[in-house]
Amino acid sequence: MATGQIFSKTTQALFYNYKQLPIQRMLDFDFLCGRETPSVAGIINPGSDGFQKLFFGQEEIAIPVHPTIEAACNAHPTADVFINFASFRSAAASSMSALKQPTIRVVAIIAEGVPESDAKQLISYARANNKVIIGPATVGGVQAGAFKIGDTAGTIDNIIQCKLYRPGSVGFVSKSGGMSNELYSTIARVTDGIYEGIAIGGDVFPGSTLSDHILRFNNIPQVKMMVVLGELGGSDEYSLVEALKQGKVQKPVVAWVSGTCARLFKSEVQFGHAGAKSGGELESAQAKNQALRDAGAVVPTSFEALESVIKETFDKLVEAGNIPPVAEITPPPIPEDLKTAIKSGKVRAPTHIISTISDDRGEEPCYAGVPMSTIIERGYGVGDVISLLWFKRSLPRYCTQFIEICIMLCADHGPCVSGAHNSIVTARAGKDLVSSLVSGLLTIGPRFGGAIDDAARYFKDAYDRGLTPYEFVEGMKKKGIRVPGIGHRIKSRDNRDKRVQLLQKYAHTNFPSVKYMEYAVQVETYTLSKANNLVMNVDGAIGSLFLDLLSGSGMFSKQEIDEIIEIGYLNGLFVLARSIGLIGHTFDQKRLKQPLYRHPWEDVLYTK
């Protein structure tokens, strides 16, 4: 594996399994380092495509999303690093797929718990094809001032404190990702900082070893010394011992193997990593530290002494003129995300939408302040939900029951009315449910359904102004306006609409006042004197009774009632009710597998 540097300031990666935070941290690191191009070329999210919006400094950018590894590699042939955030169940398969792509050179596997047999197959394939694996169970790696993998090095504050925004002279490799962050800080305090740092992962079989990276560092001119942090368990450190003994490493190596406390335990101890367990004398931290010391590495007497040993080694190289001074730079500030800035009280951001009827931010959604659990526990019905979401208050039971009766009575009026006809024709054209429903709803207006709103408006205006039925009807006639809510194609004085009778009976039994309905009945009496079919229809009954509901309940001011009528609440009630029937007609046609509808010639008058 030896060779040398594997990352640069132009390295780009493909990120597998979309994770917003680690990708954004990579892009923030890019901006901090003064990169001209983002280090993430594309995102692979199986089954998805499109773009994900993220930030590159203050600029919002769109990073392409691809459904497969192959598609991403074809779209971004210069991206040669594959960062795998798949779960342990799919990490091996996706990593192998990436390794087989000719454009991919380095694969970083973040997942812990990858089966050892799978890890061995990945390692074998990578070594046979001259590719590099970092991990499994790794936090990744970083080349200071150039490129970093995922969450490596933590927050921006930590990165700045560790001076990772510009290259230093130290190559660092560790099994532990968490301890890497600690050592980056330690090295930055006593040297000019990290040039490259790698966490190989804590599994028993890492894709690349401590010695693999030390030998690489040895071939990188900018790296003047190396720091190694091993741990008890396994024999990885002994390959580094052999490399030192054979003279393959010409630069100073400071090393420490953690886990010296294991001897204090009477039985074998499993530490945090899968590979970190005391498994015999040779695998003990003490034996490894001694072997490294005997091979020529600089090994402190304890972890606490590691910092001073690193400093001494670095200072000697500086005194010998091997390390020129690093010019310090001031990295650009990373703009804060709006949510973070708002939370810290640094900015005030205006909202774009106001909602007064529902809230889903808590443990459960609320309708007008009433929790969903309360709605269910108290046995609320559809009418109660409508009262909360439309009127922002809990109406009395007789009101909500009246709303439910209106919905039931208006749900359908057969297949021949315009809305149902449109939905049927659209369904038979093979369109989907929503298209069929909307085609029917679009016919609702002044002549179909919308008459409920107009009936309420005109009845209310006439009653409130004290007009007699004669004055109201004749005044409408002079304006050329038909009285909404009066008249029916089929029903008449001797064949009343059963729905109207049911609504009137319910109101007489339950409403405290029916003054508007009684006024509408008086208007009906006058219109019937003119023609037998000028009878009150269901639109007129609902319109007048809703006025009685609003005024008689005592829960609405005059201004609120006027606003409800003006906005068109009653039309909303008809839309809601009739949607039930239109959906039913759509399902009916699809269930019957009806063919495309074509209107018959004989029903069309062809004229010139």
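**Exercise 1.** In this predicted model, is C33 buried or exposed?

*Solution.* The relative accessibility of C33 is 8%. Buried means under 20% relative accessible area, so C33 counts as buried.

**Exercise 2.** How many disulfides does the model have, and where is the nearest cysteine sulfur to C33 and to C406?

*Solution.* A disulfide needs two cysteine sulfur atoms within 2.5 Å. By this rule the count is 0. For C33, the nearest cysteine sulfur belongs to C162 and is 13 Å away, so by the 2.5 Å cut-off C33 is in no disulfide. For C406, the nearest cysteine sulfur is that of C410, at 6.2 Å, and C406 is in no disulfide either. C406 is buried too, with a relative accessible area of 1%.

**Exercise 3.** Which domains is the protein divided into, and what separates the centres of domain 1 and domain 4?

*Solution.* The division gives domain 1 (9-137), domain 2 (141-349), domain 3 (358-401) and domain 4 (411-592). Taken over C-alpha atoms, the centres of domain 1 and domain 4 are 61 Å apart.

**Exercise 4.** Where does the largest nonpolar core lie?

*Solution.* This core has 80 residues, and those with the most contacts inside it include F7, F147 and L164. Helix α1 (residues 20-33) gives the largest share, 6 residues. Both domain 1 and domain 2 contribute residues, so the core lies between them. Another core, of 58 residues, lies apart from it and includes Y398 and Y516.

**Exercise 5.** Which residues is L164 in contact with, leaving aside neighbours within four places in sequence?

*Solution.* Among them are F29, C33, A144, Y184 and I194.

Terms used: Residues numbered from 1 in each chain as written. Predicted model: local features only at pLDDT ≥ 70, side-chain atom pairs only at ≥ 80, totals over all residues. Heavy atoms only, no water. Core = buried A, V, L, I, M, F, W, Y, C linked by side-chain atoms within 4.5 Å. Buried < 20%, exposed > 50% of the residue type's maximum accessible area, 1.4 Å probe, protein only. Helix = DSSP H or I, 4+ residues; strand = E, 2+ residues; numbered from the N terminus. Domains from an automatic or database assignment. Contact = heavy atoms within 4.5 Å.
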